[in-house]
Amino acid sequence: MTSAGFDTVVERTDTALIVVTVGAAEQRAGCVVGFHTQCSIDPVRYAVWLSKANHTYRVALFATHLALHFPEVGDRALVELFGGTSGDDIDKFAHCGWAPGPGGVPLLTDCATRLVLRRTTLWDDGSDHVCIVGEPVAADVAPGFAPLRLADAADVDAGHAAEERPLPSSLEDGSGGGDVGDQEAGRDEEIAGADERSRHELEELAAGAGHAVDLSEPLPGPDPDPDTDR
Ligand SMILES: Cc1cc2nc3c(=O)[nH]c(=O)nc-3n(C[C@H](O)[C@H](O)[C@H](O)COP(=O)(O)O)c2cc1C
């Protein structure tokens with residue numbers, strides 16, 4: 001396969017751009033997404049792919065709902081905010097209008113065309129993006145809706161490059177994350193003793209691998225009766 005051929009097919013397809021937002025606990029996140037599509041008719045399902053490098057992905061792991069906003073040509077500022085900056089650095093929701101929607105998902109008030117999904121499944125094939133599939137629970141369309149397309153945002157520099165996904169090697173540089181390979185021995189003690197930064201790095205690492213963990217909760221002990229609940 002030639003990558004030029006692949007790129008040409010994708011460029012000419014010129015997908016509509018969306019802004020995906022999610023909320024979990026007190027955290028809100030959102031980013032521009034070009035990877036999205038309807039993926040079932042009956043039952044109806046819609047899929048989006050989030051980069052493991054993104055703040056939005058890490059919040060989405062804990063969210064029940066996703067809002068998919070379809071910006072139009074006049075919404076360029078929204079695309080620059082959600083595609084060109086990261087929630088790791090700024091609070092994007094302090095720079096735009098929003099209101100809470102189903103399951104606490106933030107709805108962007110300046111973007112009238114949107115779908116809200118209730119998450120049904122998450123699929124990690126080991127690549128740098130994770131597929132989240134959901135059941136549409138709300139759909140609104142602005143009169144005369146004409147979506148902004150991938151080519152319209154070709155000059156927006158993504159807030160996170162996909163290769164910024166946290167990797168195990170980032171914990172081997174002495175920055176304080178400990179050696180994940182040693183977790184088998186004394187894992188409980190290591191996590192209990194971790195400072196906030198190490199804890200954050202381990203959470204990011206888990207998110208990068210596609211597995212959500214909450215290190216604020218004690219680790220589960222061994223099952224007292226392995227035959228129950230089977
Ligand atoms: C045109 C364009 C398309 C993008 N497509 C996707 C995508 O499909 N999935 C994704 O997770 N990020 C995509 N991004 C990257 C994120 O929108 C960008 O890195 C964002 O700043 C991440 O913000 P966050 O760290 O707050 O989540 C795209 C960015 C642009 C400019």
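**Exercise 1. The ligand shell**

Task: Describe how the residues of the shell around the ligand divide into nonpolar, polar and charged, and find which elements supply them.

Solution. Step 1: sort the shell by residue class. It holds 12 nonpolar, 13 polar and 1 charged residue. The coordinates belong to a predicted model.

Step 2: pick out the closest residues. The ligand has 26 residues around it, and N54, T56, S86, G87 and G159 come nearest.

Step 3: assign the shell to elements. At least two residues come from each of β2, β4, α2 (55-60) and α3. The most come from β2, which gives 4 residues.

**Exercise 2. The overall layout**

Task: State how many helices and strands the protein has and in what order they run.

Solution. Step 1: count the elements. There are 5 helices and 9 strands.

Step 2: read them from the N terminus. The order is α-β-β-β-β-α-β-α-β-β-β-β-α-α.

Step 3: add the figures for the whole protein. Of its 230 residues, 29% are buried. Among contacts with a separation of 6 or more, 67% are between residues 24 or more positions apart.

**Exercise 3. The sheet**

Task: Work out the strand order of the open sheet and explain why β2 and β3 each have one side without a neighbour.

Solution. Step 1: write down the order. The sheet has 7 strands, arranged β2-β1-β5-β8-β9-β4-β3, and the pairing is antiparallel.

Step 2: look at the ends of that order. β2 and β3 (36-40) are the edge strands; each has a single partner strand, so one side of each has no neighbour in the sheet. From one strand to the next, the twist averages 35°.

Step 3: check individual pairs. Strand β5 (residues 65-69) is joined to β8 by 5 bridges, and A67 faces V116 of β8. Between β8 and strand β9 (residues 129-140) there are 9 antiparallel bridges, with R119 opposite G134 in β9. At the edge, β3 pairs with strand β4 (residues 45-51) over 4 bridges; here S40 has R45 in β4 as its bridge partner.

**Exercise 4. The helix on the sheet**

Task: Identify the buried residues of helix α3 and the elements that cover them.

Solution. Step 1: list the buried positions. In α3 (residues 76-84) they are L78, L81, F82 and G83.

Step 2: find what covers them. The cover includes β1 (18-24), β2 (27-33) and β7 (106-108).

Step 3: place the helix. α3 lies across β1 and β2, at about 110° to β2. Both α3 and β2 are also among the elements that supply at least two residues each to the ligand shell.

**Exercise 5. A loop residue**

Task: Decide whether T113 is buried or exposed, and name its contacts.

Solution. Step 1: locate the residue. T113 sits in the loop between β7 and β8 (114-123).

Step 2: apply the cut-off for burial, which is 20 or more other C-beta atoms within 10 Å. T113 has 20 such atoms within 10 Å, so T113 is buried.

Step 3: list the contacts beyond four places in sequence. They are F70, D140, V141, A142 and F145. F70 is 43 residues away along the chain, yet the two C-alpha atoms are separated by 5.5 Å.

**Exercise 6. Backbone exceptions**

Task: Find where the cis peptide bond and the positive phi values of D14, A25 and G126 lie.

Solution. Step 1: recall the background. Most residues other than glycine have a negative phi, and most peptide bonds are trans.

Step 2: find the cis bond. It joins D42 and P43, with omega about 5°. P43 belongs to the loop between β3 and β4.

Step 3: take the residues other than glycine. D14 has a phi near 45° and lies in the loop between α1 (3-13) and β1. A25 has a phi near 50° and lies in the loop between β1 and β2.

Step 4: compare their surroundings. D14 has 13 C-beta neighbours inside 10 Å and so counts as partly exposed. A25 has 9 other C-beta atoms within 10 Å and is therefore exposed.

Step 5: add the glycine. G126 has a positive phi near 90° in the hairpin of β8 and β9, where 5 residues lie between the strands.

Methods:
Residues are numbered from 1 along each chain as its sequence is written. This is a predicted model: local features need pLDDT of at least 70, side-chain atom pairs count only at pLDDT 80 or more; totals for chains, interfaces and linings use all residues. A residue is buried if 20 or more other C-beta atoms lie within 10 Å of its own, exposed if 12 or fewer, and partly exposed in between; C-beta atoms are placed from the backbone. Two residues are in contact if their C-beta atoms, placed from the backbone, lie within 7 Å. Two strands pair if DSSP finds at least two bridges between them. Axes are lines fitted to C-alpha atoms, for helices over the stretch in contact, and angles run from 0 to 180 degrees between N-to-C directions. A residue is near a molecule or strand if its C-beta atom, placed from the backbone, lies within 6 Å of it. Ala, Val, Leu, Ile, Met, Phe, Trp, Tyr, Cys and Pro count as nonpolar, Asp, Glu, Lys and Arg as charged, and the others, Gly among them, as polar.
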